[in-house]
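Biologist: I'm new to this, so could you pick one part of the model and take me through it slowly? Please explain the terms as you go.

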Amino acid sequence: MITVRYFAGARAAAGTDHDAAPAGFSLDELAVELTSRRGERLGTVLKAASFLVDGVACHDRSKALPDGVTVDVLPPFAGG
């Protein structure tokens, strides 16, 4: 299983602070799965979000995620 943790606006859009998904999904596939569960509001956030996989920024959204990883969803934010 993959553990998904939502932060800030992603948590608000998901309506929860975490989810679980089967291992083997890519980040793109995971985004589709989570959008189908939680709705298009989360889907919009996921399109612009950054992802950490076990604490490391992941830019390859097509790579399969192995069992046991934690994916952190970090929405874009404004600030100075």
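Modeller: Let's start with "contact", or "touching": it means heavy atoms within 4.5 Å. Helices (H or I, at least four residues) and strands (E, at least two) are DSSP runs, numbered from the N terminus. This is a predicted model, where local features need pLDDT of at least 70 and side-chain atom pairs count only at pLDDT 80 or more, while totals for chains, interfaces and linings use all residues. Residues are numbered from 1 along each chain as its sequence is written, and side-chain values use heavy atoms, leaving out hydrogens and water.

The part I'd pick is where helix 2 meets helix 3. On the helix 2 side you'll find Ala31, Leu34, Thr35 and Arg38, and they meet Glu40, Leu42, Gly43 and Leu46 of helix 3. Sort that contact by class and you get four nonpolar, two polar and two charged residues. Here Asp, Glu, Lys and Arg are charged, Ala, Val, Leu, Ile, Met, Phe, Trp, Tyr, Cys and Pro are nonpolar, and the others, Gly among them, are polar.

How do the two run? Helix 2 covers residues 27-38 and helix 3 covers residues 40-48; they pack at about 155 degrees, with axes 7 Å apart. So helix 2 is roughly antiparallel to helix 3, a label for angles over 145 degrees. The axes are lines fitted to C-alpha atoms over the stretch in contact, with angles from 0 to 180 degrees between N-to-C directions.

Now follow Arg38 out of helix 2. Its partner to look at is alanine 14, which lies in helix 1. Alanine 14 and arginine 38 are 24 residues apart in sequence, yet their C-alphas are 5.6 Å apart in space. Setting aside residues up to four places away in sequence, alanine 14 touches Tyr6, Arg38 and Leu42. With a relative accessibility of 8%, alanine 14 is buried, meaning under 20% (exposed is over 50%, partly exposed is in between, using a 1.4 Å probe and protein chains only).

Leu34 and Arg38 also turn up around aspartate 19, a residue of strand 2 (residues 18-21). Beyond its neighbours within four places in sequence, aspartate 19 is in contact with Ile2, Thr3, Val4, Tyr6, Leu34, Arg37 and Arg38. Aspartate 19 is buried too, at 7% relative accessibility. Its side chain makes a polar contact with the side chain of tyrosine 6 at 2.7 Å; that term means N or O atoms within 3.5 Å, one able to donate a hydrogen and the other to accept it, and for residues adjacent in sequence both must be side-chain atoms.

Tyr6 then leads us to the largest nonpolar core, which has 22 residues; Tyr6, Leu30, Leu65, Val71 and Val73 touch the most other members. Helix 2 gives the most to this core, with four residues. A nonpolar core is a set of buried Ala, Val, Leu, Ile, Met, Phe, Trp, Tyr and Cys residues joined through side-chain atoms within 4.5 Å. Leaving out neighbours within four places in sequence, leucine 30 is in contact with Val4, Ala21, Phe25, Leu65 and Val71.

Leu65 and Val71 are shared with one last residue, valine 53 in strand 3 (residues 50-53). Besides residues up to four places away, valine 53 touches Cys58, Leu65, Val69, Thr70 and Val71. Valine 53 is buried at 17% relative accessible area, and its C-alpha is 4.6 Å from that of valine 71, although the two are 18 residues apart in sequence.

Note on methods:
Angles under 35 degrees count as roughly parallel, over 145 as roughly antiparallel, 65 to 115 as roughly perpendicular and the rest as oblique.
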